[in-house]
Amino acid sequence: MSERGSDFYDNDAVFQTYMERRQGQDNANDTLEKPVMLELIGDATGKSILDLGCGDARFATELLGEKHNGLSYTGIEGSTNMVQTARKTVQGLNARIEQSYLEDGTYPVDTYDLAISRLAIHYIEDINRLFHSIHGTLKKDGVFIFSVEHPVITSTLQPSGTRTNWIVDQYFVEGYREQQWLGGSVHKMHRSIESYYMALQNAGFRVEHLRESAPQRAYFVDEETYQRRQRIPLFLFLSARK
Ligand SMILES: C[S@@+](CC[C@H](N)C(=O)[O-])C[C@H]1O[C@@H](n2cnc3c(N)ncnc32)[C@H](O)[C@@H]1O
């Protein structure tokens, strides 16, 4: 596929809608995705961190802040809109943003303690190659943690809106599926849970944790949204060690 996932975010209207939703009350990223990422990351003290598909890099301010005490942060990001925002976000921090597609990024060997990726890897066609690069760029015992749109969701892709049913179909047929989302059209890669798991193993990782985005009441303001989030899993998380 010639167009990469990050190109979608360089449509200015899409970018604006995305950023508004990303910051909305009870947005799925903050209520469902971030709590599990933080649990899996655990102690970031003194760690050099690589963030793949870092978006606006707001996570850098937290990971390098007083609470988590990370040592350094490198974000790789393909979208110009995101990179411009991210570079402003990380000003004054021990952080840098590399503008590159993840498929073409620089992955210097034995460099990072922790590689993370939040909701970017479902845009990538060849995760075997990418996971090998990530394995190589981690130091010994380094950890790779990522979240993706859950395969139950990517298997059902259909025009968005508030859905009332999710029909899982062609689950084992992997490949790009089109979604009308945020006022644009985007291709997300559907693959099974097993494929994600095996890609990690094939790259040489030991898989340590598999999580789904079970809602936790404490993170929601609105009861109805919390109840709605019980229906289907939005995100899948895997954590693996070199
Ligand atoms: C849903 S956003 C998540 C951003 C950020 N990780 C967060 O959680 O706020 C997905 C990000 O992945 C980036 N992305 C998607 N495909 C990419 C690719 N092939 N190379 C680089 N970045 C990519 C997009 O530009 C976008 O910033």
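## Close-up views of a predicted model

V109 sits in the loop that runs between β3 (95-99) and β4 (112-118). Everything in these legends refers to a predicted model.

**View 1. The loop between β3 and β4, around V109 and D110.** V109 counts as exposed, with 63% relative accessibility. Where does G136 come in? The C-alpha atoms of V109 and G136 are 5.3 Å apart, although the two residues are 27 apart in sequence. D110 is found in the loop between β3 and β4 too. Its backbone is worth a look: phi of D110 is near 50 degrees, a positive value in a residue that isn't glycine. For context, most residues other than glycine have a negative phi.

**View 2. D26, with another positive phi.** Here we're in the loop between α1 (12-22) and α2 (28-41), the place of D26. Phi of D26 is near 55 degrees, and once again the residue is something other than glycine. Is D26 buried or exposed? At 10% relative accessibility, D26 counts as buried.

**View 3. The ligand and the residues around it.** There are 21 residues around the ligand, and G53, E77, L102, E103 and R118 come nearest. By class, that shell splits into 10 nonpolar, 7 polar and 4 charged residues. Now for some polar contacts. On the side-chain front, a polar atom of E77 lies 2.5 Å from an oxygen atom of the ligand. The backbone joins in as well: a polar backbone atom of R118 is 2.9 Å from a nitrogen atom of the ligand, and a backbone N or O atom of S6 lies 3.3 Å from a ligand nitrogen. How much of the ligand does the protein cover? The ligand on its own has 590 Å² of accessible area, and the protein covers 97% of that.

**View 4. R58, seen together with S6.** R58 has its place in helix α3 (residues 58-63). R58 counts as partly exposed, at 37% relative accessibility. S6, which we met beside the ligand, is 52 residues away from R58 along the chain, and 17 Å separates their C-alpha atoms.

**View 5. K188 and E149, a salt bridge between two strands.** The structure holds 14 salt bridges, and this view picks out the one that K188 forms with E149, where the closest N and O atoms are 2.9 Å apart. K188 lies in strand β7 (residues 184-190) and E149 in strand β5 (residues 138-149), so the pair ties together parts that are 39 residues apart in sequence. Are these two partners buried or exposed? K188 counts as buried at 1% relative accessibility, and E149 counts as buried at 13%. In general, side chains of opposite charge can pair when their charged atoms come close.

**View 6. K140 and D141, a salt bridge between sequence neighbours.** The side chains of K140 and D141 meet in a salt bridge, at 3.8 Å from N to O. K140 counts as exposed, with 70% relative accessibility. D141 is partly exposed, with a relative accessible area of 39%.

**View 7. E208 and R241, a salt bridge from β8 to β9.** The N to O distance here is 2.9 Å, with the side chains of E208 and R241 meeting in a salt bridge. Strand β8 holds E208 and strand β9 (residues 235-241) holds R241, so the pair ties together parts that are 33 residues apart in sequence. E208 counts as partly exposed at 33% relative accessibility, and R241 is partly exposed as well, with a relative accessible area of 25%. Elsewhere, salt bridges that share partners join R4, E103 and D104 into one network.

**View 8. A nonpolar patch on the surface.** Which residues make this patch? Y197, M198 and L210 do, and the patch is about 250 Å². Of these, L210 lies in strand β8 (residues 206-212). L210 is partly exposed, with a relative accessible area of 40%.

**View 9. S48 reaching T111.** S48 lies in strand β1 (residues 48-52). With a relative accessible area of 8%, S48 is buried. What does the side chain of S48 reach? It gets to the backbone oxygen of T111, at 3.4 Å.

Definitions and conventions: Residues numbered from 1 in each chain as written. Predicted model: local features only at pLDDT ≥ 70, side-chain atom pairs only at ≥ 80, totals over all residues. Heavy atoms only, no water. Patch = residues over 30% accessible without salt bridge, like charges linked within 9 Å, V, L, I, M, F, W, Y side chains within 5 Å. Areas by Shrake-Rupley, 256 points an atom, 1.4 Å probe, with all protein chains shown as cover. Salt bridge = Lys/Arg side-chain N within 4 Å of Asp/Glu carboxyl O. Helix = DSSP H or I, 4+ residues; strand = E, 2+ residues; numbered from the N terminus. Buried < 20%, exposed > 50% of the residue type's maximum accessible area, 1.4 Å probe, protein only. Near = heavy atom within 4 Å. Polar contact = N/O pair within 3.5 Å; in protein donor to acceptor, adjacent residues only side chain to side chain. Nonpolar A, V, L, I, M, F, W, Y, C, P; charged D, E, K, R; others polar.
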